[in-house]
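Q: I am new to this structure and would like a close look at one part of it. Please pick a single helix, describe its surroundings, and then place it in the wider model.

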Amino acid sequence: MKFYDLNLRGQNYENDLALVKEANKFGWDYLNLNYSHDNFEKALEYKDDLIDELSNIDFNQTYRNKKTNFEHAELSMGINILNADSNEIRKIINRYRNKSNYISCLGGDLKINRSVCENRRIDVLSRPYYKRKDSGMNHVLAKEAQRNNVAIELCFRDILNNRLKYRARVISSFKEIMMFHRKFKFPLILTTDSKSIYHVRSTRDIAAFFKSIGFSDEEIYNGFYYYPKKIVDFNKERHDMIVNGVKLIDTDDFTDTYDNMDSDLEEFNESEDFQDDLIDDDFMDDDFELIDDIDEVLLDDDFELIDDIQIKEDEYEA
Amino acid sequence: MKLKVLPPTLRKNHHYLILDIKSEVEISIEDMLSYSWDACIRYWGENHSSNFDLWVMRHYLIEESTQNNEAIFNYKTVLRCGRSYEDDVRVALSTLTRQNKKRIAINTIGVSGTIKSGISKFIED
């Protein structure tokens with residue numbers, strides 16, 4: 001399983017570099033730095049430098065499992081629209097939709113939540129529960145989000161920054177949004193919204209947190225990998241989409257069979273174990289030997305039992 | 001009078017979490033233990049935390065660096081916890097972000113059955 005973090009808070013080159021290095025170290029596979037629309041173009045100037053720095057990191061400096069073929073995290077940049085009304089949002093999207101592969105909008109205000117859920121040109125409604133006592137979602141918004149393919153984002157940093165009853169309220173909002181997600185099937189993504197290296201957590205820690213508040217393995221898989229990858233893949237082809245459901249194809253593509261056009265996006269497999277490509281799988285070898293011994297004993301017993309049954313069946317047939 | 005040591009079958013089973021800690025200020029081994037208990041009790045409550053049986057076994061300062069004129073102390077710690085409660089402890093530790101108004105980040109980088117294998121695999125490497 002891969003882990004996508006579509007919301008890292010970008011600020012300046014030094015801070016972003018430290019942030020990206022830290023996230024890469026703790027096992028994230030895809031990182032998306034988000035900027036306000038004013039800073040976005042400035043940030044694009046140092047994107048290549050960041051990627052170069054990332055590719056130069058020694059694998060041994062990361063906590064990745066050596067069995068995986070991991071090299072370094074992929075990096076992209078996007079826009080996070082903050083504190084804007086519906087008109088401003090529309091203007092920003094008209095201006096930046098073709099330049100950016102990822103546009104999210106901070107929620108919290110009910111009008112904003114509604115207008116973002118109804119706008120299929122926006123990828124993500126970020127934190128609809130922001131500064132609210134409820135989750136900021138209802139069945140109407142959930143249906144709209146599903147119809148327009150707008151993902152809802154839950155941020156782990158809201159857990160870190162809040163304490164006591166405020167943290168409990170955020171967790172309650174997470175659970176309510178998850179309830180809507182289970183019923184209405186809109187895309188739901190999980191992110192960290194890290195601003196500094198003190199907000200970066202390992203992938204396994206965050207997966208364990210969401211599991212502890214009642215998310216299933218499949219929901220965690222979809223939130224960290226399936227839906228984020230779908231958003232990234234969709235946006236790579238967005239400029240070819242003429243209208244919903246119609247895509248402009250090059251003449252070369254007509255020669256391809258459908259077999260060649262399969263996506264590498266994997267569905268959740270129930271045997272999926274988060275430990276596969278994560279950092280810690282170390283237990284005593286003695287434990288495994290003990291388990292092997294038990295298996296051998298059990299197997300021997302089973303065979304004896306089967307032999308007994310076969311002998312009895314032979315006797316019966318005779 | 002000292003209590004007699006329990007036979008091995010009656011002792012509690014433990015696993016060891018290897019932690020990567022970043023902090024703005026220096027952290028002693030005693031501080032680390034109290035931070036761990038605070039985080040667990042705050043997240044899971046007193047009742048569930050009573051199963052965790054936390055104890056700091058080893059505490060090493062790995063690196064001291066600066067970023068934007070702020071000191072960053074990087075530690076690696078071996079924390080004992082009850083077997084089958086590893087995930088609960090790691091969740092509680094990951095939610096800790098400030099202690100005494102100073103920023104701190106605790107990540108679990110490994111789980112081990114023995115202290116020795118934990119150190120050799122996750123700290124000495």
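A: The account below starts with one helix of chain B and works outward to the contact between the chains and then to chain A. The model is predicted.

The helix is H2 of chain B, residues 86-94. Eight of its nine residues are buried, so helix H2 of chain B is largely enclosed by the rest of the structure. The buried residues are Glu86(B), Asp88(B), Val89(B), Arg90(B), Val91(B), Ala92(B), Leu93(B) and Ser94(B).

What lies over these residues comes from both chains. From chain B, the cover includes strand S1 (14-23), helix H1 (29-49), strand S3 (70-82) and strand S5 (102-112). From chain A, the cover includes helix H9.

One residue shows this arrangement in detail. Val91(B) sits in helix H2 of chain B. Val91(B) counts as buried because it has 23 C-beta neighbours inside 10 Å, and the cut-off for a buried residue is 20 or more. Setting aside neighbours within four places in sequence, Val91(B) is in contact with Ala208(A), Phe209(A), Ser212(A) and Tyr43(B). A distance within chain B can be added: Val91(B) and Thr108(B) are 17 residues apart along the chain, and their C-alpha atoms are separated by 9.1 Å.

Next come the strands of chain B that take part in the cover. S1(B) and S3(B) pair in the antiparallel sense, over 10 bridges. In this pairing, His15(B) has Cys81(B) of S3(B) as its bridge partner. S3(B) also pairs with strand S2 of chain B, residues 55-67; these two run antiparallel and are joined by 11 bridges. Here Glu63(B) stands opposite Asn74(B) in S3(B). S2(B) and S3(B) form a hairpin with two residues between the strands, and Asn68(B) takes a positive phi near 55° in that hairpin.

The contact between the chains is the next step outward. On one side are 21 residues of chain A, in contact with 22 residues of chain B. Helix H1 (13-25), helix H7 (157-161) and helix H9 (203-212) of chain A each supply at least two residues of the side that touches chain B. The largest share of that side, four residues, comes from H9(A). H9 of chain A is also among the elements that cover the buried residues of H2(B). By class, the side of chain A that touches chain B has 13 nonpolar, two polar and six charged residues.

Behind this side is the rest of chain A. Its secondary structure comes to 11 helices and nine strands. Seven strands form an open sheet with parallel pairing, in the order S1-S2-S3-S4-S5-S6-S7. Strand S1 (4-9) and strand S7 (188-191) of chain A stand at the edges, each with a single partner strand, so one side of each is left without a neighbour in the sheet. From one strand to the next, the twist averages 30°.

One pair within this sheet can be followed more closely. Strand S5 (residues 124-126) and strand S6 (residues 151-155) of chain A run parallel and are joined by three bridges. Leu125(A) has Ile152(A) in S6(A) as its bridge partner.

Two figures describe chain A as a whole. Of its 318 residues, 38% are buried. Among contacts between residues at least 6 apart in sequence, 75% join residues at least 24 apart.

Terms used. Residues are numbered from 1 along each chain as its sequence is written. Chains are lettered from A and ligands numbered from 1 in the order in which they are written. This is a predicted model: local features need pLDDT of at least 70, side-chain atom pairs count only at pLDDT 80 or more; totals for chains, interfaces and linings use all residues. Two strands pair if DSSP finds at least two bridges between them. Axes are lines fitted to C-alpha atoms, for helices over the stretch in contact, and angles run from 0 to 180 degrees between N-to-C directions. A residue is buried if 20 or more other C-beta atoms lie within 10 Å of its own, exposed if 12 or fewer, and partly exposed in between; C-beta atoms are placed from the backbone. Two residues are in contact if their C-beta atoms, placed from the backbone, lie within 7 Å. Ala, Val, Leu, Ile, Met, Phe, Trp, Tyr, Cys and Pro count as nonpolar, Asp, Glu, Lys and Arg as charged, and the others, Gly among them, as polar.
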